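Subject: Structure for you to look at

Hi,

Here is the structure I promised to pass on. Please open it next to this message and follow along.

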Amino acid sequence: MKCNAKTLADFIKKVSINGAIPEGILKFGPEGLTLTVKDISNCGAVTGLLRKNVFLDYVPMNVPIGNIPRLLAVLNTMTGNVELSIKENAFLINSDNNDAKIIMVDEKYIKCDLETLPTLAHDGGFEFDSNVFTTIKKNTATLKSEKTGVIAEVKDNIFYVRTGEKESDELTTKTKVDYKNVRTKYGITFLEFISVITGKVIVSFNEEYPILITSTEPDSTIKWMVSPLVTEET
């Protein structure tokens with residue numbers, strides 16, 4: 001089975017939050033490669049599908065990976081198409097310029113694996129450009145407020161994300177959307193997750209409810225879900 005090294009690496013990077021979720025099972029199933037994982041804090045979960053059409057000579061298989069950061073580092077050493085296969089207990093990745101053998105772990109030891117992303121009562125959400133997430137990250141870095149989280153709010157069809165301590169300095173990014181009035185606080189997991197999101201996305205959330213962010217592209221669909229911080233300022 002073959003696919004482009006960069007395409008595969010970019011997909012795994014987005015689902016694993018650039019390796020912050022350190023393990024998972026690459027499930028090459030009927031529709032393509034599925035990776036569904038939760039973060040170590042149990043505050044967030046991600047599922048992604050890299051569609052079957054990006055692969056040549058497709059072969060169904062499961063590949064348990066115990067060190068996703070290393071897998072990403074390996075893929076970054078390769079260019080063009082890579083050949084993927086399993087031999088005994090090893091995942092083989094071969095390219096024109098480099099070959100890799102990654103020892104697979106037993107699936108029962110993959111603690112971050114999820115069968116499916118939890119299905120909750122999210123509505124259709126609103127679409128916007130995830131470039132806004134870059135501004136949010138810059139705002140929290142400027143105020144050094146990553147640990148305090150952010151307030152996400154839609155009011156009168158404006159989406160606001162405010163960072164900063166109460167009665168202290170604040171920065172607020174804002175953009176027009178078509179959505180109900182809603183307000184919830186999210187913590188550092190939200191900030192970690194949005195760092196890998198690009199392009200147009202659909203966002204859905206509710207009062208003290210997990211936020212769901214969905215990216216749909218021709219070759220992939222990825223969904224990120226993050227739990228709220230239940231203690232919020234009034």
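The lining of the largest pocket divides into five nonpolar, three polar and four charged residues. Keep in mind that this is a predicted model. The pocket has a volume of about 170 Å³.

Which residues line the largest pocket? From the start of the chain they are T7, D10, F11, K14 and L50. Further along come S215, E217, P218, D219, S220, I222 and W224. Three elements each give at least two residues to this lining: α1 (5-15), β15 (211-217) and β16 (220-226). Helix α1 supplies the largest share, with four residues.

Now the sheet. Strands of a sheet pair through backbone hydrogen bonds, either parallel or antiparallel. Here, eight strands form an open sheet with antiparallel pairing. Trace them in this order: β5-β2-β3-β4-β16-β15-β14-β9. You will meet β16 and β15 again there, the two strands that also help line the pocket.

Which strands stand at the edges? They are β5 (61-65) and β9 (126-129). Each has a single partner strand, so one side of each is left without a neighbour in the sheet. From one strand to the next, the twist averages 20°.

Look at the β5 edge. β5 pairs with β2 (residues 24-28) in the antiparallel sense, over five bridges. Find I25: P64 in β5 stands opposite.

Then go to the other edge, β9. Helix α3 (residues 131-143) lies across β9, β14 (200-204) and β15. The helix runs at about 70° to β9.

Best wishes

Technical notes. Residues are numbered from 1 along each chain as its sequence is written. This is a predicted model: local features need pLDDT of at least 70, side-chain atom pairs count only at pLDDT 80 or more; totals for chains, interfaces and linings use all residues. Side-chain values use heavy atoms; hydrogens and water are left out. On a 1 Å grid over the protein atoms alone, a cavity is a set of points where a 1.4 Å probe fits but cannot get out, and a pocket is an open set with protein on both sides within 12 Å along at least five of seven lines; lining residues have an atom within 4 Å of a point. Grid points are joined across faces, edges and corners, and a volume is the space filled by probe spheres set on the points. Ala, Val, Leu, Ile, Met, Phe, Trp, Tyr, Cys and Pro count as nonpolar, Asp, Glu, Lys and Arg as charged, and the others, Gly among them, as polar. Two strands pair if DSSP finds at least two bridges between them. Axes are lines fitted to C-alpha atoms, for helices over the stretch in contact, and angles run from 0 to 180 degrees between N-to-C directions. Contact means heavy atoms within 4.5 Å.
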